[in-house]
Every structure is written in structure tokens, then in C-alpha cells.
Amino acid sequence: MTAPVLRFVLGDHLTRTVASLRDIDPARDIVLMVEVADETTYVPHHRQKIAFILSAMRHFAQDLKGEGIRVDYVRLDDAANTGSFTGELMRAVARHSPSRIVATEPGEWRVRRMMEDWETLAGVPVDIREDDRFVCSHERFARWAEGRKAYRMEFFYREMRRGTGLLMADGEPVGGRWNFDAENRQPLPRGARLPERLRFTPDGITADVIALVASRFPDQFGDLDAFGWAVTRADALRALDHFITDCLAGFGDHQDAMKRGAPFLHHSLLSPCLNVGLLTAMEVCRAAERAYRQGLAPLNAVEGFIRQIIGWREYVRGIYWRHMPDYADTNHLGAGRPLPWFYWSGETDMACLAETIADTRRNAYAHHIQRLMITGNFALLAGIRPAEIEDWYLAVYADAFDWVELPNTHGMVMFADGGLLASKPYAASGAYIDRMSDYCSGCRHDPKIKLGPGACPFNLLYWNFIDANEAVLAANPRMAMPYRTWRAMDAQRKAAIRAQAQAFLDGLDGSGGAPASPVQASLPL
């Protein structure tokens with residue numbers, strides 16, 4: 001009898017056409033899937049994130065078995081589970097004596113290095129295949145990046161548009177422009193009607209996983225009661241159809257808006273399904289493009305959505321694989337403050353942070369502006385150590401995998417790469433948050449007060465950040481305006497801003513206590 005090929009499928013490879021499964025022989029080969037403690041604990045993942053991935057894995061395994069494919073599935077609570085990918089692979093090799101092992105490259109440098117040892121440890125050939133579910137291969141990104149001292153997503157995005165043909169006509173962008181982002185920055189009008197969002201009631205498999213996670217991680221961050229993610233290919237396609245039909249038309253104008261009690265707005269909520277493989281980038285983009293061509297959604301909405309996927313998503317992945325592992329160690333601004341405990345507890349009297357962290361705890365989700373301009377902006381302005389805020393983002397969001405989370409946080413949020421990914425820090429005062437949300441209404445801090453009692457901490461921290469990083473940032477042409485304003489301030493006002501900002505920062509507690517505000521201690525969420 002011919003020895004089987006052992007095909008190792010990870011939790012973010014849940015695509016039937018993934019490279020490691022494409023040439024499977026159901027009569028001979030065995031698929032190995034494992035739930036291991038190491039992957040649930042290397043950061044303290046949101047409990048909903050763990051449940052989502054494990055449930056999606058179990059459903060995918062069930063679908064493979066339905067095709068007559070043999071699946072060796074190791075559950076998290078199996079008594080003999082070694083707790084690691086390598087340990088479970090070695091056990092499977094002993095069980096099945098495969099002729100070779102086939103895997104698709106992982107989404108983390110950490111796991112890739114682990115995989116490179118498997119051939120020696122297992123004593124059989126290991127074939128690690130490139131993950132070609134992405135639009136841009138490693139080789140293609142390397143060609144684009146060659147010779148560039150800094151990258152800019154806009155130019156990369158245009159290459160992806162040309163290569164895919166998305167929203168193109170006769171070699172030119174539909175509508176005569178590549179980018180409609182300037183039209184997509186409107187606050188949500190008062191009284192705006194929002195779509196009712198499709199969520200999925202847990203079935204028996206998901207209910208079992210939720211119970212397991214609740215039992216195994218009773219004190220870990222994140223609610224389980226609100227679980228509503230699609231965990232099957234069929235439900236992921238339903239979620240895609242819901243977004244295209246009910247939400248896409250309203251996505252463009254208000255994609256940067258934020259509203260209390262409305263964490264989803266018109267956003268797709270598809271990134272978890274995309275990042276584990278229940279959907280693919282091109283099928284999602286083609287669906288959005290069809291909506292535009294059929295007159296169901298405006299161009300600014302469709303272009304903005306497609307840009308998020310073949311622009312930002314592909315761009316940050318290219319940067320990750322081209323520059324890791326050294327990329328993660330850069331710290332251009334020298335930020336070294338520990339992460340405040342309120343990122344976990346939500347106990348802060350800053351309404352925008354309290355709301356965003358509450359949304360995150362409840363849903364394992366916050367949309368891109370909440371992440372960039374609320375939790376991210378605060379981390380940037382407060383000088384939080386990049387590795388700590390990066391671990392937090394990796395832990396708390398259902399769609400967070402290292403290849404996408406690390407460059408977004410390290411380069412875009414924290415400017416820790418010195419401008420390789422983005423042309424300037426995304427720093428903003430309270431005025432931006434007030435303009436784009438209703439968070440400031442009723443907050444005890446006033447975004448209109450720049451200094452003194454009641455001043456919004458974002459205002460103080462913004463100018464303190466500008467001051468503290470002048471030697472590094474002042475030569476950046478995109479920072480010219482804030483530095484002109486800062487230099488025009490009188491010395492007494494500058495000193496007062498520095499003093500009040502420092503008093504606030506001194507009150508932050510990274511070791512477990514709630515943060516203090518400039519005026520009084522924080523209030524519980």
C-alpha cells in the first residue's frame with residue numbers, strides 16, 4: 001500500500017482550494033488539523049476569536065469528511081494533545097508513516113520558522129507551498145518594492161488594480177480617478193438609518209466550542225454571549241451577500257464615522273472570514289465590482305472597499321514578509337511607555353476609548369477608524385511601547401493574524417518603522433474624534449478645551465507628541481503645518497501643555513490600575 005501524504009491544514013487555511021489541498025488524493029492522503037494550547041495562549045486572545053477559529057476549523061473538517069477525505073483532527077481538550085504544532089505533527093507522523101508532509105505557508109513568521117525544522121524532526125520531506133490565495137505573490141511584491149526607500153500604498157494599489165482589472169476600463173480607472181477617499185470621510189448624519197446586521201446563531205458545533213473556551217479560559221478578555229460570526233463557507237457567502245445587498249451602498253461616505261452603540265455601521269464584517277479563508281479576496285472584490293456595474297452601489301463606496309482589500313491588505317502582507325523578522329524590532333520614535341491597564345479593563349473616563357474598548361470586548365471587532373484613530377491614536381500620542389500595543393491588537397480582534405496586524409500597528413499606528421509603510425504619523429487631537437463621532441457628547445473631557453480643567457487628553461497629548469518628537473518629525477513635509485503652529489505658540493503656553501500632558505502621562509498605570517485623567521481618577525466603564 002502506498003504511504004499517504006500528510007496534509008497539514010492550519011486554522012487560517014480553511015479554503016478548499018488552498019495550495020496544500022489542491023492536489024489531494026482522497027483515496028490515499030490524510031488531512032491533519034490540530035487545536036493546540038500554544039496558539040491559543042501566546043497572546044491572551046479574545047475568547048470570541050478563539051471560538052471563531054476553532055469552530056471554523058471543526059466545520060471545515062466536517063466538510064472535508066463529507067467529501068470522503070480522511071481527516072485526523074486533534075481537539076484542544078484531547079488528553080494526549082502536546083499543545084504545539086510540532087508536537088502534534090510528530091505524533092501524526094508516528095500514527096500514519098507518511099511519505100511526505102504538505103503544508104501551505106503560515107501567516108506568521110514565528111510559525112514559518114517552526115515549519116522549517118519539521119523535515120529534520122519528522123524524517124520525511126516537507127513541502128511548504130506559497131499561499132496563492134493572495135493577489136500579490138512575494139516575488140511580485142519584491143519586484144515592486146525593489147529600489148524604493150519607502151513604500152506608498154497608493155502606488156502599489158494602482159498596480160493591483162491594473163493586474164486584476166478591477167474597476168478598470170480600457171487600461172484606465174473607472175470614473176477617471178484611482179482613489180475616492182476624499183469623498184469617504186463624512187461624519188454620520190444625525191438620525192441616519194443604519195442597516196440591521198446579519199449575525200449567525202451558534203449551531204451545535206459552535207456551542208460546544210464556546211463551552212470549551214468558557215471553561216478553559218474563564219478569566220480571559222472578551223465576551224462570548226455576543227458571538228455571531230459566520231463559521232462555514234456557506235454562511236460566509238451569506239454574510240458577503242448581506243454586505244453587498246444591504247450595506248455597501250452606504251459604506252463609502254461614512255466609512256470613517258463612529259457612533260455610540262453602533263459598532264458595525266455599514267462595515268463588511270468580512271475580515272475574519274477572509275483571514276481564515278472562508279472567503280477569498282478576489283471573490284469579495286468581484287462581488288463589490290458587480291454591485292457597482294449593476295447600479296447597486298456608488299463608485300466611491302465600491303472603490304473604497306476594494307482598496308481596503310487589494311490595496312491595504314495586500315500591501316501590509318507584502319511588507320511583513322519582505323521585512324520580517326527585523327521589522328518588528330524597529331522603534332523609530334523611541335516609544336517605551338507600558339500599555340495602560342484600561343486597554344483591558346475599559347475603565348477610563350475618556351468616552352471614545354471606553355466605547356471602543358467596550359465594543360472590542362463585546363464583539364472581538366472594532367472598525368478601522370476606531371482602531372487607528374481611537375485606541376491607536378492614543379497609543380501613538382502616549383508613546384506606548386510598540387510591542388505591547390501590537391500584542392494587544394493581535395489578541396483582541398477576531399481578524400488579527402500577525403501578517404496583517406503587525407504592519408498595520410507597527411507602521412501605520414505607531415510609525416515605528418520610520419515611514420516605510422506610511423508617509424506620516426496618524427496623530428490627531430480631540431477635534432478629529434469630535435468631528436467624526438458622537439463620543440464626545442457627554443464625555444467629562446471637552447475636545448474644545450485645549451488646556452486646563454476639562455481639557456481633552458487627546459489635545460494635550462497631541463501637542464506634547466509634536467513637541468517630544470520634533471527632532472525626528474519636523475523635517476517631514478507632511479508635518480509642516482503642525483510644527484508651524486507649535487512654533488508660533490508662546491513659551492508659557494507650551495510649558496503649560498507640557499506640564500499638564502506629563503501629569504496625565506504620569507497618572508497612567510501600565511501595571512494593573514485604572515488610569516488617572518488630568519483632573520480626577522477614571523470612572524468604571
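Let me begin with helix α16, where the cover over the buried residues includes α2, α13 (342–345), α14 (351–363), α15 (368–382) and α17 (402–413). I should say at once that this is a predicted model, and everything I describe is computed from it. The residues of α16 that count as buried are Pro386, Ile389, Glu390, Trp392, Tyr393, Leu394, Ala395 and Val396, and since these make up eight of the eleven residues of the helix, which runs from 386 to 396, α16 is largely enclosed by the rest of the structure.

One of the covering helices, α15, holds a residue that I would like to look at on its own, namely Ala379. Is Ala379 buried or exposed? Its relative accessible area is 0%, and because buried means under 20%, Ala379 is buried. If we set aside the neighbours within four places in sequence, the contacts of Ala379 are with Tyr343, Ile384, Ile389 and Met414, and Ile389 is also one of the buried residues of α16. There is a further pairing across the sequence, in that the C-alpha atom of Ala379 is separated by 7.9 Å from that of Leu339, although the two residues are 40 residues apart along the chain.

Let me turn to the enclosed spaces. Rolling a probe the size of a water molecule over the atoms shows where empty space is left. When the whole structure is searched in this way, four cavities of 30 Å³ or more are found, and the largest of them has a volume of about 390 Å³. Its lining consists of 25 residues, with Gly11, Glu39, Ile53, Phe85 and Phe401 lying nearest the centre. Two or more lining residues come from each of α1 (37–41), α2 (47–66) and α4 (109–115), and α2, which we have already met as part of the cover over α16, provides the largest share, five residues. Sorted by class, this lining has 15 nonpolar, four polar and six charged residues.

The second largest cavity contains about 160 Å³ of space. Of the 19 residues that line this second cavity, Asp131, Arg133, Phe134, Arg313 and Trp403 are the closest to its centre. Both α10 (271–276) and α12 (299–323) supply at least two residues of the lining, with α12 giving the most, three residues. Here the division by class is seven nonpolar, six polar and six charged.

Helix α12 also takes part in a helix pair that deserves some attention. How do α7 and α12 cross, and at what angle? The axes of α7, residues 153–164, and α12 come within 9 Å and cross at roughly 105 degrees, which means that α7 is roughly perpendicular to α12. On the α7 side the contact is made by Met153, Phe156, Tyr157, Met160, Arg161 and Thr164, while α12 contributes Glu303, Arg307, Ile310, Gly311, Trp312, Glu314 and Tyr315. Taken by class, this contact has seven nonpolar, two polar and four charged residues.

Finally, a word on an open site. The second largest pocket has a volume of about 280 Å³, and among the 13 residues lining this pocket the closest to the centre are Leu188, Pro189, Arg190, Ser437 and Asp438. Its lining comprises six nonpolar, two polar and five charged residues.

Technical notes: Residues numbered from 1 in each chain as written. Predicted model: local features only at pLDDT ≥ 70, side-chain atom pairs only at ≥ 80, totals over all residues. Heavy atoms only, no water. 1 Å grid on protein atoms, 1.4 Å probe; cavity = no way out; pocket = protein on both sides within 12 Å on 5 of 7 lines; lining within 4 Å. Points joined across faces, edges and corners; volume = space filled by probe spheres on them. Helix = DSSP H or I, 4+ residues; strand = E, 2+ residues; numbered from the N terminus. Nonpolar A, V, L, I, M, F, W, Y, C, P; charged D, E, K, R; others polar. Axes fitted to C-alpha atoms, helices over the stretch in contact; angles between N-to-C directions. Parallel < 35°, antiparallel > 145°, perpendicular 65-115°, else oblique. Contact = heavy atoms within 4.5 Å. Buried < 20%, exposed > 50% of the residue type's maximum accessible area, 1.4 Å probe, protein only.
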